[in-house]
Amino acid sequence: MEDFRVCPATGLKVHKPAELLIKINAVTAIVFILIGGLMALLLALTKIPAIHLLPSDLFYRFLTLHGIAMLVAWIIFFEAAILYFTSAVLLNCRLAAVKVAWLAYGLMLGGALMAAVEILIGNADCMFTSYPPLQAHHLYYLGVILFAVGAILVCCVFFGTLAVAKHEKTYEGSLPLVTFGAAAAAIIAIVTLAHGAIIFVPTWLWALGVIQHIDAPAYRLIFWGFGHSSQQINVCAMVAVWYLIAAVTVGAKPVNQRVCRTAFVLYILFIDIASEHHILVDPGFSAAHKAWNTGYFMHLAVLASMIHALAVPSAIEIALRKKGHTQGYFEWLKKAPWGNPSFSAMVWSIAGFGFLGGITGVTFGTEQINIIAHNTWRITGHFHSTVVAGTTMSFMGLTYIVLPLIFRKEVAFPKLAKFQPHVFGVGIWTMAIFMMFSGSFGMPRRHWDITFSDAAFSIPFDQTAMMALHIFGVGAIIAVIGGGMFVLVSVATLLIGKDIK
Amino acid sequence: MIEESKKAEEKIPYWQVFYDDIMLLFFLSAAITFISFTVWGLMEIGNTPVMPDYTF
Amino acid sequence: MAGKNGHEFEAPGSFVLIMTFFAVFVLVYLLNWKYLSDLWPIN
């Protein structure tokens with residue numbers, strides 16, 4: 001029992017080794033969001049035509065690092081913390097295989113640093129996608145592989161902990177909904193990481209010279225089984241976090257457990273095939289493959305998002321109405337705890353993921369429409385809506401819960417924390433909307449010289465698109481300020497925050 | 001009567017048995033993704049004819 | 001806000017928000033098809 005402490009606020013029994021692992025993974029995630037955020041600022045200042053800060057080589061180098069630091073390191077380190085929290089802490093049990101969890105952390109950190117160093121010294125200017133025939137140094141691929149192996153081990157520890165909880169009977173009946181959501185994320189993670197292993201191991205051997213040729217269409221197919229599905233892990237984890245934040249901040253309970261669980265099962269079964277979106281304009285695949293994978297089954301996963309979109313706000317509304325905010329349609333919304341950064345971050349996340357990310361995702365994922373959106377900045381705007389306005393925002397909200405609950409510290413600079421989600425939300429919404437807006441004028445993604453100033457013939461863009469680029473820049477700078485506020489509050493809480501006894 | 005009500009309580013609905021079986025869900029997730037997306041896609045690439053050599 | 005059976009509709013505000021969401025969804029989807037048809041007119 002000396003390995004456990006009882007949380008005075010929730011009465012939950014907290015396994016101390018699990019607590020330490022949650023802390024170290026969350027702190028590492030925040031270090032990577034700082035690195036990725038700095039890269040984001042430099043990239044945004046380059047995309048603004050009036051500034052055009054970086055030279056081309058550094059632009060692509062920093063774009064690669066931005067992708068790895070944000071899409072891989074920040075998100076997955078934080079998800080490791082979520083998996084340990086939703087298993088060991090919420091199920092009141094010990095974490096299975098603590099040593100394996102530390103090995104996983106070591107592999108992930110070592111792998112992320114190896115990839116980051118290779119990028120920074122100019123050995124991997126291949127961007128996040130690293131499409132062949134672009135070739136990085138073999139250590140870059142090895143770094144990604146080590147990270148993926150570590151992440152698989154995190155999922156194994158999570159499933160082991162579920163088995164421990166079941167064996168030691170620390171919960172009755174089915175898993176709690178939040179843990180079930182995290183389990184859905186972990187299932188998707190293993191399928192995703194298997195794709196990563198299938199494609200990165202031969203690519204690594206290709207970089208070592210053992211294999212002579214990597215087939216580009218096959219690489220794209222399997223890479224996106226990893227690259228896009230890894231964002232589906234985020235979707236699942238994010239939705240689980242919404243239910244958790246709603247429960248903690250306003251006491252919301254799921255309106256109908258069966259329906260909510262069904263939505264998670266639909267994610268588990270059908271969301272991974274949405275990777276097809278990336279190969280909709282590839283010539284090697286038949287219309288049947290494209291239509292099947294972006295149509296029939298995938299829309300069952302879209303249905304799941306629709307269910308959550310109805311279930312989470314309803315649960316919040318019912319909880320707030322029970323507290324007496326019953327006037328009209330929206331008194332509950334007006335009287336909601338907007339001063340609580342965790343709650344406001346969750347609302348920004350739900351709205352951002354639904355209105356910006358979800359709608360554009362389903363629209364651009366339609367085969368016919370994809371042809372006018374593919375490889376334009378509309379796609380970049382879409383995934384910044386899902387991953388940043390959605391997932392990152394919800395993880396920020398969870399951080400404000402984890403700081404007092406797990407780190408046992410009072411949140412430092414509470415006024416700054418109160419405004420942080422709003423600043424970040426306004427910034428990222430402006431940025432994403434105007435990315436998509438300029439993209440709809442044909443503005444290409446992944447392009448250093450967006451005005452084609454060095455091109456042999458001029459490619460004039462509509463002036464409206466150029467104006468949109470500048471508004472995007474303003475949004476990006478506000479978002480970086482909001483992200484900086486998050487890092488400042490988190491780090492200050494850890495360093496100078498008052499202990500909660 | 002009490003025994004009957006206990007039995008009714010113990011009877012877990014099929015959907016719940018299915019949802020609680022994490023390994024089965026994992027297997028189905030992997031099977032659907034690999035068959036519908038990955039293997040089918042690789043088969044299509046494999047069946048794409050190689051471009052004949054042209055000399056200009 | 002009472003339903004036909006006298007049950008309170010428990011989350012009317014969320015219902016309005018979700019209907020707004022659907023409306024935006026339909027609008028964005030239609031605009032994109034319109035944009036596509038403008039770029040590639042069928043003669």
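Q: Is A:Lys169 buried or exposed?
A: Keep in mind that this is a predicted model. A:Lys169 sits in the loop between H4 and helix H5 (177-208) of chain A. Its relative accessible area is 70%, and the cut-off for exposed is over 50%. So A:Lys169 counts as exposed.

Q: What is the phi of A:Lys169, which is not a glycine?
A: Let's stay with that loop between H4 and helix H5 (177-208). A:Lys169 is not a glycine, and yet its phi is positive. The value is about 50 degrees.

Q: Where in chain A does A:Asn92 lie?
A: Here is another residue that has a positive phi without being a glycine: for A:Asn92 the angle is about 60 degrees. A:Asn92 is partly exposed, at a relative accessible area of 22%. Its place is the loop between helix H2 (56-89) and H3.

Q: Which peptide bond is cis, with omega near 10 degrees?
A: Look at the loop between helix H3 (98-120) and helix H4 (138-167) of chain A, where you'll find A:Pro133. The bond leading into that residue has an omega near 10 degrees, and it is cis. It runs from A:Pro132 to A:Pro133.

Q: How many disulfides are there over all chains?
A: A disulfide is a covalent bond between the sulfur atoms of two cysteines. To be counted here, a pair of cysteine sulfur atoms has to be within 2.5 Å. Over all chains, the count comes to 0.

Q: Which cysteine has the nearest sulfur to A:Cys93?
A: A:Cys93 is in no disulfide. The nearest cysteine sulfur is 16 Å away, while the cut-off is within 2.5 Å. That sulfur belongs to A:Cys7.

Q: Is A:Cys126 buried or exposed?
A: Buried means under 20% relative accessible area. A:Cys93 meets that cut-off with 1%. A:Cys126 has 2%, so this cysteine is also buried.

Q: How many helices and strands does chain A have?
A: Now step back to the whole chain. Its radius of gyration is 22 Å, close to the 23 Å that the globule rule gives for 501 residues, so chain A is as compact as a globular protein of that length. The C-alpha trace spans about 70 × 55 × 50 Å along its principal axes. The secondary structure comes to 16 helices and 2 strands.

Q: What share of the contacts in chain A with a separation of 6 or more comes from residues 24 or more positions apart?
A: Of the 501 residues of chain A, 61% count as buried. As for the contacts with a separation of 6 or more, residues 24 or more positions apart account for 81%.

Q: How far apart are the mean positions of the positive and negative charges of chain A?
A: The accessible surface of chain A is about 18,200 Å², and 70% of it belongs to carbon and sulfur atoms. Then there are the charges: 29 positive and 21 negative. Their mean positions are 13 Å apart.

Q: What is the order of elements in chain B from the N terminus on?
A: Chain B has 3 helices and 0 strands. Of its 56 residues, 23% count as buried. About 4,700 Å² is exposed, with carbon and sulfur atoms supplying 69% of that. The elements run α-α-α.

Q: Which pair of chains has the most contacts?
A: There are 2 pairs of chains that touch. Chains B and C do not touch, and their nearest C-alpha atoms are 25 Å apart. The pair with the most contacts is chains A and B.

Q: Which histidines are in contact with A:His277, leaving aside its neighbours within four places in sequence?
A: A:His277 lies in the loop between helix H8 (257-270) and helix H9 (287-294) of chain A. At 15% relative accessibility, A:His277 counts as buried. Its contacts include A:Thr294, A:Met298 and A:Asn370, along with A:His228 and A:His374.

Q: What is the separation between the C-alpha atoms of A:Phe353 and A:Leu320?
A: A:Phe353 belongs to helix H12 (residues 341-364) and counts as buried at 11% relative accessibility. Beyond its neighbours within four places in sequence, A:Phe353 is in contact with residues including A:Trp242, A:Met238 and A:Val235. A:Leu320 is 33 residues away along the chain, and the two C-alpha atoms are separated by 23 Å.

Conventions: Residues are numbered from 1 along each chain as its sequence is written. Chains are lettered from A and ligands numbered from 1 in the order in which they are written. This is a predicted model: local features need pLDDT of at least 70, side-chain atom pairs count only at pLDDT 80 or more; totals for chains, interfaces and linings use all residues. Side-chain values use heavy atoms; hydrogens and water are left out. Buried means under 20% relative accessible area, exposed over 50%, partly exposed in between (1.4 Å probe, protein chains only). Helices (H or I, at least four residues) and strands (E, at least two) are DSSP runs, numbered from the N terminus. The radius of gyration is taken over C-alpha atoms; the globule rule is 2.2 Å times the number of residues to the power 0.38. Contact means heavy atoms within 4.5 Å. Accessible areas come from the Shrake-Rupley method with a 1.4 Å probe; for residues, only the protein chains shown count as cover. Lys and Arg count as positive and Asp and Glu as negative; His and the chain ends are not counted. The place of a charge is taken as NZ of Lys, CZ of Arg, CG of Asp or CD of Glu.
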